[in-house]
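Thanks for making room for this on the agenda. I would like to go through one structure with you, slowly, and I will try to keep to what was computed from the atoms or taken from a record.

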Amino acid sequence: MILCLASSNWLTAEKFRQGLWEQCVDNGAMQPLPFELKVKPGCYPARKVPYIQWAAALCVITLLLDILATVMTGMGLCSKDPTRKYTLYRFALYVMVGALLSVLIALVIYPACFASEIEHSNRSVWEFGWAYGVAWGAAIFLFGAILLLLCDKETEEIYYKERTITHENGDSKA
């Protein structure tokens, strides 16, 4: 998540790239620039478009929730008390599900809303950059972490079966 948040390669076109926090124009960029921008080559803050801001906010929320869930899982691993361990695992699971939903919403909002403004882009070919792919990779790893947490929560529980044996003389022993 840190890589996809820090990069300006969410969307790329010829000598232009757009990220969650900044957009960059390379030297020799074809004029007019996308979205009627009037800037020189270099990197500038991202456009104040709601879908970019929402996607950025959701990705930051994902990162924070993921860190919280990782800390809670680590605390659960270190705990010797089975009740506390189970509680920490359960809360970490819920937090990870929240992080996964947050990143999935961001990954759907971003291209869907961009598609609605593509006619104002002055470019015929747009590609999703590597940072967008890294965000999908983070979502896949979050899903895997959720599955592992679901599978691991019961590994240390002890299952036993108690049987009562009745003898001929009427005594019963457990």
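Let me begin with a single residue, Asp26, which is partly exposed, its relative accessible area being 33%. Please keep in mind from the outset that what you see is a predicted model, and that every value I quote is computed from it.

Asp26 has a charged partner, since its side chain meets that of Arg17 in a salt bridge, with 3.0 Å from N to O. Arg17 is likewise partly exposed, at 22% relative accessibility, and, with burial set at under 20%, that value does not qualify as buried.

How many salt bridges does a search of the whole structure find? The search returns two, and the second one joins the side chains of Glu117 and Arg47, at 2.7 Å from N to O. This pair links distant parts of the chain, 70 residues apart, with Glu117 in the loop between helix 3 (82–116) and strand 5 (127–128), and Arg47 in the loop between strand 4 (42–45) and helix 2 (50–78). Are these two residues buried or exposed? Both Glu117 and Arg47 are buried, whereas Asp26 is partly exposed and so is Arg17.

While we are at Arg47, let me mention Leu37, which is found in the loop between strand 3 and strand 4. Leu37 is buried, with a relative accessible area of 16%, and its C-alpha atom is separated by 9.5 Å from that of Arg47, 10 residues apart along the chain.

That brings me to the sheet. Five strands make up an open sheet, in the order 4-3-2-1-5, and their pairing is antiparallel. Strand 4 and strand 5 are the edge strands, and because each has a single partner strand, one side of each is left without a neighbour in the sheet. As a general reminder, the strands of a sheet pair through backbone hydrogen bonds, and they may do so in parallel or antiparallel fashion.

Within this sheet, strand 2 and strand 3 (residues 22–25) run antiparallel and are joined by three bridges, and a hairpin of three residues leads from strand 2 to strand 3. Arg17, which we met in the salt bridge with Asp26, has Cys24 of strand 3 as its bridge partner, while Gln18 is partnered by Gln23, also in strand 3. Gln23 in turn has a bridge partner in strand 4, namely Tyr44, and strand 3 and strand 4, again antiparallel, are joined by four bridges.

One backbone detail belongs here as well. Lys15, in the loop between strand 1 and strand 2 (16–18), has a phi near 60°, a positive value in a residue other than glycine. Most residues other than glycine have a negative phi, which is the reason I single this one out. Lys15 is partly exposed, with a relative accessible area of 38%.

Now to the interior. The largest nonpolar core has 45 residues, and those with the most contacts inside it are Trp10, Leu20 and Tyr110. At least two residues of this core come from each of helix 1 (2–6), strand 1 (11–13), helix 2, helix 3 and helix 4 (130–152), and helix 3 gives the most, with 12 residues.

Helix 3 also holds Val103, which counts as buried because its relative accessibility is 0%. To give a sense of separation, the C-alpha atoms of Val103 and Val25, 78 residues apart along the chain, lie 27 Å from each other.

What does the record add to this? An unreviewed UniProt entry carries the annotation "transmembrane region" for residues 54–79, 91–110 and 130–151. In the model, residues 91–110 are 100% helix and 0% strand, with the end C-alpha atoms 29 Å apart. Residues 130–151 are also 100% helix and 0% strand, and there the end C-alpha atoms are 31 Å apart.

I will finish on the surface, where Ile67, Val71 and Met75 make a nonpolar patch of about 250 Å². Met75 is located in helix 2, and with 36% relative accessibility it counts as partly exposed. I am happy to take questions on any of these points.

Methods:
Residues are numbered from 1 along each chain as its sequence is written. This is a predicted model: local features need pLDDT of at least 70, side-chain atom pairs count only at pLDDT 80 or more; totals for chains, interfaces and linings use all residues. Side-chain values use heavy atoms; hydrogens and water are left out. A salt bridge is a side-chain nitrogen of Lys or Arg within 4 Å of a carboxyl oxygen of Asp or Glu. Buried means under 20% relative accessible area, exposed over 50%, partly exposed in between (1.4 Å probe, protein chains only). Patches are made of residues with over 30% relative accessible area and no salt bridge: like charges are joined within 9 Å, nonpolar side chains (Val, Leu, Ile, Met, Phe, Trp, Tyr) within 5 Å. Accessible areas come from the Shrake-Rupley method with a 1.4 Å probe; for residues, only the protein chains shown count as cover. A nonpolar core is a set of buried Ala, Val, Leu, Ile, Met, Phe, Trp, Tyr and Cys residues joined through side-chain atoms within 4.5 Å. Two strands pair if DSSP finds at least two bridges between them. UniProt positions are given in the numbering used here, feature names are shortened, and annotations may be inferred rather than shown by experiment.
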